[in-house]
Amino acid sequence: MSNVFIAFQANEESRPIVDAILADNPEARAVYSPGLVKIDCPHKLVVRRESVEAQIGRSFDLQQIHINLVTLSGNIDEDDDQFTLSWTH
Amino acid sequence: MTTIDLQSREIKPLRNTFDHVARLIGGDKPASRYQEATLGAQPTANFHYRPTWEPQYELFDASRSAVKLADWYVLRDPRQYYYATWTMARARQQEAVESNYQFVDSRKLLAKLPDAVRAHVCAVMMPLRHVAWAGNMNNCFIAAYGYGTALTAAATFHAMDHLGVAQYLTRLGLALDEPGVLEAGKNDWLGDPRWQVLRRHVEDTLVLKDPMEIHVAHNLALDGLLYPLIYGSFVDDHLATRGGTAIAMLTSFMPEWHDESARWVDAVVKVAAAESSENQALIAGWARTWGDRVMAALAPVAEIALGAEGQQALAAARETYDARCRKAGLLA
């Protein structure tokens, strides 16, 4: 089994994104290190716009994740509503 | 030779948030900036003197409202606005309006507006500056005399938003015509019999004393019926088919802001009404009474804006309003 991961700067802006990811991906595990939060997940990890919006109570443009995005691994599939990391082609 | 060994060392914070926030979110866990900026900020004790003009109340006194809540912090803002998030959201919207103005300017869209449409827009929208200003005053009152930072902070933002709407209307008037249109709008507001019902209604809300009643009377009832009528039926439907699309661009902030802030307005009344049947009866009564009064006040305005179709548009706005009230548990 191979993991995908995504890491954000640990700050106020990325917290609702991290919470949304953890809520949407039951197998995801967040690892906190100084200034950084890295989320590992087997096979596939999804960031959903609607889930982030539910966390912050406002509209959210998924491109805003890039402000605090540090690194990621996996093939990306993204549109306006979701951002998916996986190893499928 | 010395080698420098760089390591990262993790320093665990001793606590995740302030005690007064932890008490309200169920223990010591990371709190959002909204929670830290809002919860526990209301002064509650050690007031030395009572206001000389109203000695029956403390300086901050929940009993100024007939609505009773065990904890006023339950009236959270679903948008989670605190100063930073609110200013950033509004700055983004201001940039959007600014670029709309540039677009309209560069293509001289306002010069191409038929004169009759231009005069019609001024006649309908310039007096509304005064309604928006009353919205500023009313929300300042809620901020000053309401209880609980969750409610009063959001009311402060709402007050400034109303001022912004008034300024956008002013700017629209100045873009459309000479500064005299502002004066003409004020004269209509003060003298034209068709505006006097609305003016009386607005001035009646300005002398209300209960912050929650003001919230229902202005933020829910008046704005809830006015915005769909003006920015929906008039600007988007009526003007757009008569060559006035530019007006929709220059007022794009208003309907967008109304939809966004309606979520806060509804959340406040919904949560307050859900706490007890007394609150529910009280707030539902206000929503009904003020809703009916606004309908009467807007009838002549709908006529000015849309002519014979005005009453139909107003009835549609009322349906939207009733649906909101039902969702908030104010209507069966």
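In the predicted model, chain B, read along its sequence, follows the pattern α-α-α-α-α-α-α-α-α-α-α-α-α, with 13 helices and 0 strands. The C-alpha trace of this chain spans about 80 × 70 × 40 Å along its principal axes. Of the 332 residues of chain B, 40% count as buried. Among the contacts in chain B with a separation of 6 or more, 73% are accounted for by residues that are 24 or more positions apart.

The largest nonpolar core has 83 residues, and those with the most contacts inside this core are B:Val216, B:Leu229, B:Val269, B:Ile283 and B:Leu298. Helix H9 of chain B, which comprises residues 211-239, gives the most to this core, with 16 residues. The surroundings of B:Leu229 can be described individually: when its neighbours within four places in sequence are left aside, B:Leu229 is in contact with B:Phe234, B:Leu298, B:Ala302, B:Ala313, B:Leu314 and B:Ala317. A second, separate core comprises 19 residues, including A:Ile6, A:Ile21, A:Val52 and A:Phe83.

One helix pair of chain B was examined in detail. The axes of helix H6 (residues 149-176) and helix H7 (residues 180-191) of chain B come within 8 Å and cross at roughly 125 degrees, and H6(B) and H7(B) are therefore oblique to each other. On the side of H6(B), the residues B:Thr170, B:Gly173 and B:Leu176 meet B:Val181, B:Leu182 and B:Gly185 in H7(B). By class, this contact of H6(B) with H7(B) has 3 nonpolar, 3 polar and no charged residues.

Chain A contains strands that are arranged in sheets. An open sheet of 4 strands in chain A has the order S2-S3-S1-S5, with antiparallel pairing. Strand S2 and strand S5 (69-73) of chain A stand at the edges of this sheet, each with a single partner strand, so one side of each is left without a neighbour in the sheet. Neighbouring strands of this sheet are turned by 15 degrees against each other on average, direction ignored.

Within the sheet of 4 strands, S1(A) and S3(A) run antiparallel and are joined by 7 bridges. Along this pair, A:Asn3 has A:Pro42 in S3(A) as its bridge partner, while the bridge partner of A:Ile6 in S3(A) is A:Ile39; A:Ile6 is also among the residues of the second core. On the other pairing described here, S2(A) and S3(A) are antiparallel over 5 bridges, and A:Ser33 has A:Leu36 in S3(A) as its bridge partner. S2(A) and S3(A) form a hairpin with 2 residues between them, and A:Gly35 in the turn has a positive phi of about 75 degrees.

The two faces of S3(A) can be distinguished, with A:Val37, A:Ile39 and A:Cys41 on a covered face and A:Leu36, A:Lys38, A:Asp40 and A:Pro42 on an uncovered one. In a regular strand the side chains alternate between the two faces of the sheet. Helix H1 of chain A lies across S1, S2 and S3 of chain A, and runs at about 15 degrees to S3(A). In this helix, which comprises residues 15-24, the residues A:Pro16, A:Ile17, A:Val18, A:Ala20 and A:Ile21 are buried. The buried residues of H1(A) pack against strand S1 (3-9), strand S2 (29-33), strand S3 (36-42), strand S4 (44-48), helix H2 (49-56) and helix H3 (65-68) of chain A.

Another open sheet of chain A is formed by 3 strands in the order S4-S7-S6, and the pairing is antiparallel. Here S4 and strand S6 (75-78) of chain A stand at the edges, each with a single partner strand, so one side of each is left without a neighbour in the sheet. The twist in this sheet averages 15 degrees from one strand to the next. S4(A) and strand S7 (residues 82-86) of chain A pair in the antiparallel sense over 5 bridges, and A:Arg48 stands opposite A:Gln82 in S7(A).

The two chains also touch each other: the contact takes 8 residues from chain B and 7 residues from chain A. On the side of chain B that touches chain A, the residues divide into 2 nonpolar, 3 polar and 3 charged.

Definitions and conventions
Residues are numbered from 1 along each chain as its sequence is written. Chains are lettered from A and ligands numbered from 1 in the order in which they are written. Ala, Val, Leu, Ile, Met, Phe, Trp, Tyr, Cys and Pro count as nonpolar, Asp, Glu, Lys and Arg as charged, and the others, Gly among them, as polar. A nonpolar core is a set of buried Ala, Val, Leu, Ile, Met, Phe, Trp, Tyr and Cys residues joined through C-beta atoms within 7 Å. A residue is buried if 20 or more other C-beta atoms lie within 10 Å of its own, exposed if 12 or fewer, and partly exposed in between; C-beta atoms are placed from the backbone. Two strands pair if DSSP finds at least two bridges between them. Axes are lines fitted to C-alpha atoms, for helices over the stretch in contact, and angles run from 0 to 180 degrees between N-to-C directions. Angles under 35 degrees count as roughly parallel, over 145 as roughly antiparallel, 65 to 115 as roughly perpendicular and the rest as oblique.
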